[in-house]
Amino acid sequence: MKVEIQRTELIKPSKPTPQHLRKYKLSVLDQLQQPYYMSIILYYYPVSSSGYDLDSDIARLQKSFSETLTLFYPLAGRYNEEDLSVDCSDQGALFVEAQVSEDLSQLINEDSITGELLSSLLARQVESSASPLVTIQFNTFRCGGRAISFCLTHRITDGFGIYKFIEAFASTACRKGKANISDVNPTSFDLHSVIPARERIDRNPVKDSGKNDVTKFFFFSGEAISNLTAKLVRGQQQKQPSRTVVVSALIWRTLIKLEAAKNDRRRPSVTVHTLNMRGRTGLLPESQNCFGNFCNVAPAKFIPSDQQNKIELLQLVTLIHEAMAQGLKDSEAMKKVDDVSSFTSSFQKVLMEGFDDINGVDMYFFSSMIQFAGFYDSDCGWGKPFWLSPACLHRRVIFLFGSKDGKGIEVWICLEKNDMLWFQQHPDILAFTSRCPVRHHDSVVSRL
């Protein structure tokens, strides 16, 4: 499959950023983030070729991009590493138009989809003082289907930020029920004033995907999750765990077994789940719509025991559930800046507590986007997307998305090639995953 770039253009905000907003400062939680870009791709059915005007479509999307940048003004600027800020002088964001040589049906075939293939649909960036902070690539397929990809820097926002940006972009592109740009729900940009950046914070770099890394997709249907949950709680006097916790625990147990098979022994293992703190902390009462990185983390630790012959799934479910509960409790307890500063300075120590050697610990990062079901409402003028995906994952990073029917979970994971072969053939994965109906149902295929 060949993706050819047709044209690129820097899009500037529809209105100049006011002088008093020309410097956007990072918060201490922004400061902790790695210099990479988050990505989401939305997939749309073909439109009728009769009377279709591609240039008109491009112009409409660019206009929407420009108006959305006015609302999210830091994203039209450039990052300044020296003073941990964004120069909001309206330098612009990148819009790319691309043509794909094949039909969309070929791309979404489960056997052929790869992280590398998805990356070709993105206008990828490497952070520098000249790099745009957000990019959009509009891909048109031979069949008339299209995919719109969004890349936003993780340096100044999190999953909530990319969700709100796409929501605003789709609202202005479609104008569905919106009179003008001012009707889009406002986003707050005051996080840095509550939890300002510090002079220095040491970060452990995240290893980027290598040549031998593979990104794959696994679908857990609502029925499969219900069956797995029923087996877990049968005979147990406890509250039913969430589907996020259940699927995460099954993935984690398989990864623990993978490392045991490679090393002839069980190794200590940690999962780190991100938790959205918006509306859950006294630190920023009006935090429901704040832009920036505003997440806590929930590290769950598995320490192998010689007395334990079998890794019980319920044990891992409990570890993840308790870690999340503690993370939410800690978030609610954050009332002042010092509470956040204490968290950021002690996180690494807490993470490795109980382990003798950090090199002997396997660590996996889980990020759930399940709460952002509104991605599927992103009508950009041709109806709502029938599917979505991330791209450009890092090794040992796992993304969870809610399926379109609201019941299942789509899991994206990046592993080393040989590890992925072992993982996807494990009985637990084979037993509880299936082909994604959104991508393989006859009604979908017939429209592609």
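Q: Buried means under 20% relative accessible area, exposed means over 50%, and partly exposed is whatever falls in between. Going by that, where does Lys 384 land, buried or exposed or partly exposed?

A: One thing up front: this is a predicted model. Lys 384 has 43% relative accessibility, so it counts as partly exposed.

Q: OK, and which residue does Lys 384 form a salt bridge with?

A: Asp 377, with 3.2 Å between the closest N and O atoms. Asp 377 is partly exposed as well, at 48% relative accessibility.

Q: How many salt bridges does the structure hold?

A: There are 21. One of them joins the side chains of Glu 127 and Arg 155, at 2.7 Å from N to O.

Q: Where do Glu 127 and Arg 155 lie?

A: Both are in loops: Glu 127 is between α4 (115-119) and β7, while Arg 155 is between β8 (146-153) and α5. They are 28 residues apart in sequence, so the bridge ties those parts together.

Q: Is Arg 155 buried or exposed?

A: Buried, as its relative accessible area is 3%. Glu 127 counts as partly exposed, because its relative accessibility is 22% and the cut-off for buried is under 20%.

Q: What about Lys 262, which residue is its salt-bridge partner?

A: Asp 419, with the closest N and O atoms 3.1 Å apart. Lys 262 sits in helix α8 (residues 243-263) and Asp 419 in helix α11 (residues 417-424), so this pair ties together parts 157 residues apart in sequence.

Q: And how do Lys 262 and Asp 419 come out, buried or partly exposed?

A: One of each. Lys 262 is partly exposed, with 44% relative accessible area, whereas Asp 419 is buried at 12%.

Q: Which residues are joined into one network by salt bridges that share partners?

A: Glu 259, Lys 262, Arg 267, Asp 362, Arg 396 and Asp 419.

Q: Let me stay on Arg 396. What's its phi?

A: Positive, about 65 degrees, and it isn't a glycine. Most residues other than glycine have a negative phi. Arg 396 is in the loop between β13 and β14 (397-402).

Q: Same thing for Asp 264: what's the phi, and where does it lie?

A: Its phi is positive too, about 60 degrees, and again the residue is not a glycine. Asp 264 lies in the loop between α8 and β10. It counts as exposed, because its relative accessibility is 73%.

Q: Switching to rings. How many aromatic pairs are there?

A: 24. Take Tyr 24 and Phe 291, an edge-to-face pair with 6.5 Å between centres and 65 degrees between planes. The two are 267 residues apart: Tyr 24 is in strand β2 (residues 23-25), and Phe 291 is in the loop between β10 (269-276) and β11 (295-302).

Q: Are Tyr 24 and Phe 291 buried or exposed?

A: Tyr 24 is buried at 2% relative accessibility, and Phe 291 is buried at 0%.

Q: How are Phe 138 and Trp 382 arranged, stacked or edge-to-face?

A: Stacked, with 5.7 Å between centres and 20 degrees between planes. Phe 138 belongs to strand β7 (residues 134-140) and Trp 382 to the loop between β12 (362-368) and β13 (387-389), 244 residues apart. Both of these residues are buried.

Q: Which residue lies over the face of Trp 382?

A: Arg 146, at 4.5 Å from the ring centre.

Q: Which residues do ring pairs link into a cluster?

A: Among them are Tyr 24, Phe 65, Phe 72, Phe 165, Phe 169 and Phe 291.

Q: On to α5. How many residues does the helix have, and how far does it reach?

A: α5 covers residues 159-174, which is 16 residues, and spans 23 Å from first C-alpha to last, close to the 22 Å expected. Of those 16 residues, 14 are buried.

Q: What sits at the start of α5?

A: A side-chain oxygen of Asp 158 comes within 3.2 Å of the backbone nitrogen of Phe 160.

Q: Last topic: how many disulfides?

A: The count is 0.

Q: Why no bond for Cys 295?

A: The closest cysteine sulfur is in Cys 290, 9.2 Å away, which is too far for a bond. Cys 295 is partly exposed at 25% relative accessibility, while Cys 414 is buried at 1%.

Technical notes:
Residues numbered from 1 in each chain as written. Predicted model: local features only at pLDDT ≥ 70, side-chain atom pairs only at ≥ 80, totals over all residues. Heavy atoms only, no water. Helix = DSSP H or I, 4+ residues; strand = E, 2+ residues; numbered from the N terminus. Expected span 1.5 Å × (residues − 1). Buried < 20%, exposed > 50% of the residue type's maximum accessible area, 1.4 Å probe, protein only. Polar contact = N/O pair within 3.5 Å; in protein donor to acceptor, adjacent residues only side chain to side chain. Disulfide = S-S within 2.5 Å. Phe/Tyr/Trp six-rings, centres within 6.5 Å; stacked < 30°, edge-to-face > 60°. Lys NZ or Arg CZ within 6 Å of the ring centre and 35° of its normal. Salt bridge = Lys/Arg side-chain N within 4 Å of Asp/Glu carboxyl O.
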